[in-house]
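Please read the report below alongside the sequence and the coordinates. It is meant as a careful description of how the fold is put together.

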Amino acid sequence: MSFDATSLIRPDVASMQPYVPILPFEVLSAQLGLPPEQIIKLDANENPYGPSPKVRQALASMSYPHIYPDPESRLLRAALSDYVQLPMEYLLAGHGADELIDLVMRLFLQPGDAIVNCPPTFGIYPFDAAVNGARVCNVPRRADFTLDIEAILRTVGAEPRCKLVFITSPNNPDGGLVSDGDIDCLLRLPVVIVLDEAYVEFAGLEHSRIHMVPHYNNLIVLRSFSKWAGLAGLRLGYGAFPLNLIQHLWKIKQPYNVNVAAQVAGIASLEDREYLLGNVHRLVEERERMASLLRTIPYLQPYPSYANFILCKVLGRDAFEIKQKLAERGILIRYYHTPGLTDHVRFSVGRPEDTECVIQALREL
Ligand SMILES: Cc1ncc(COP(=O)(O)O)c(C=O)c1O
């Protein structure tokens, strides 16, 4: 008998709940007995228009897949510098924004340190905090999903080991924006404010705070290519970081964190940004059309959204059953198990024909 090494696992990890990711297309297709092209996937805020055709061409003619990627993603960061209008020394690319969330935590958090999380929001923040042995101070949002700034200030004041505050704008799952006043207030705290702008293209780039990064030593802004650029499967994100912090992130990141295909795809996306932002525009128009149609469903109450999804409160019906019944028809939406959101569902915005199918099914339920 060999030694049972489970006793050596970190006790906090051994007792940790796993993150439950979305099922991949092929698995769903087999589970539902439907071919992938008949599945309407509105559960993970992906972009139904996919990448730019120039990305497909660039990937097909990629010159150096057999050579390790540039650890500093220089060409990509130069293209990003033009996109976000910041010098490239402020920018670092990652294997999705997800990797950068973990990387920031690894830079700051020692076991027992804490983050502020403002649920309902993206579930990765508490997950990564747990992986990093940190505590999570939850400061729930108000009923309209705006931040409870007074409670955040109180929490940070009472928690000397709180180091990071995670803020999302637009927020997932409701799609609301953080106000200028709230950001200004938070930036005065003696902690790092991590502002996640994964969906900001759908709000309009004028809502981004990335230009503020050079003026604050404690503001980090994270972005993603998954949503606006349709590259969720290739995993590409980036962040803008104060210069006093970014030098330390460079030291601890995995050297080859952004693979060759993701770098090539990111550059081609930025070269074809007019096309991609055209798709963003179509999705924003479709979001507004979908919201007005959802308002005609008597048992749904949609919230206003600045992102590519719409959260709805379910009135007088079982939200889980709605999710299940739609899934039987090949329509996948997000249902929440978390406290405060159990009677809510979230629809990602798809193509007009996807909206038609969803609304038709909701009317028939
Ligand atoms: C708020 C938020 N941030 C980040 C991400 C992940 O971004 P990426 O795909 O670049 O890792 C998501 C994905 O759903 C998200 O909702």
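The text that follows treats the sheets, the helix packing, the nonpolar cores and some backbone features in turn.

This is a predicted model, in which local features need pLDDT of at least 70 and side-chain atom pairs count only at pLDDT 80 or more, while totals for chains, interfaces and linings use all residues. Residues are numbered from 1 along each chain as its sequence is written, and side-chain values use heavy atoms, with hydrogens and water left out.

## Sheets

Helices (H or I, at least four residues) and strands (E, at least two) are DSSP runs numbered from the N terminus, and two strands pair if DSSP finds at least two bridges between them. An open sheet of seven strands follows the order E2-E8-E7-E6-E5-E3-E4 with mixed pairing. Strand E2 (91-94) and strand E4 (135-138) are at its edges with a single partner strand each, so one side of each is left without a neighbour in the sheet. From one strand to the next, the twist averages 25°. E2 pairs with strand E8 (residues 237-240) in the antiparallel sense over four bridges, and Ala-93 stands opposite Tyr-238 in E8.

Five strands form an open sheet, also with mixed pairing, in the order E1-E11-E12-E10-E9. Here strand E1 (40-42) and strand E9 (300-302) occupy the edges, and each has a single partner strand, so one side of each is left without a neighbour in the sheet. The twist in this sheet averages 30° from one strand to the next. Strand E11 (residues 331-335) and strand E12 (residues 344-348) pair in the antiparallel sense over two bridges, with Val-345 in E12 as the bridge partner of Tyr-335.

## Helices on the sheets

Contact here means heavy atoms within 4.5 Å; axes are lines fitted to C-alpha atoms, for helices over the stretch in contact, and angles run from 0 to 180 degrees between N-to-C directions. The table lists helices that lie across strands.

| Helix | Strands crossed | Angle and reference strand |
|---|---|---|
| H4 (residues 74-84) | E2, E7 (219-224) and E8 | about 120° to E2 |
| H12 | E1, E9, E10 (309-314) and E12 | about 10° to E10 |
| H13 (residues 319-328) | E10, E11 and E12 | about 160° to E11 |

## Helix pairs

Angles under 35 degrees count as roughly parallel, over 145 as roughly antiparallel, 65 to 115 as roughly perpendicular and the rest as oblique. Helix H7 (residues 149-158) packs with helix H8 (residues 180-187) at an angle of about 10°, and their axes are 11 Å apart, which makes H7 roughly parallel to H8. Ile-149, Ile-152 and Leu-153 of H7 make this contact with Asp-182, Cys-185 and Leu-186 of H8. Ala, Val, Leu, Ile, Met, Phe, Trp, Tyr, Cys and Pro count as nonpolar, Asp, Glu, Lys and Arg as charged, and the others, Gly among them, as polar; the residues of the contact of H7 with H8 are five nonpolar, no polar and one charged.

The axes of helix H5 (residues 96-108) and helix H10 (residues 243-252) cross at roughly 105° and come within 10 Å, so H5 is roughly perpendicular to H10. On H5 the contact involves Leu-103, Val-104, Arg-106, Leu-107 and Phe-108, and on H10 Leu-245, His-248, Leu-249 and Ile-252. By class, this contact of H5 with H10 has seven nonpolar, one polar and one charged residues.

## Nonpolar cores

A nonpolar core is a set of buried Ala, Val, Leu, Ile, Met, Phe, Trp, Tyr and Cys residues joined through side-chain atoms within 4.5 Å. Buried means under 20% relative accessible area, exposed over 50%, and partly exposed in between (1.4 Å probe, protein chains only). The largest core has 84 residues, and those with the most contacts inside it are Ile-152, Phe-225, Leu-300, Phe-347 and Leu-362. Helix H12 (residues 273-294) contributes the largest share of this core, seven residues. A second, separate core of 23 residues includes Ala-134, Val-192, Phe-241 and Ile-246.

Leaving aside neighbours within four places in sequence, Ile-152 is in contact with Val-116, Cys-118, Val-139, Leu-147, Val-165, Leu-186 and Leu-189.

## Backbone features

The peptide bond from Pro-119 to Pro-120 is cis, with omega near -5°, and Pro-120 lies in the loop between strand E3 (114-117) and helix H6 (124-131). Another cis peptide bond joins Ser-169 and Pro-170, with omega about -5°; Pro-170 lies in the loop between strand E5 (162-168) and H8.

Asn-45, although not a glycine, has a positive phi of about 55°; Asn-45 is found in the loop between E1 and helix H3 (53-60) and is buried, with a relative accessible area of 1%. Arg-235, also not a glycine, has a positive phi of about 65°. Arg-235 lies in the loop between E7 and E8 and is partly exposed, with a relative accessible area of 23%.
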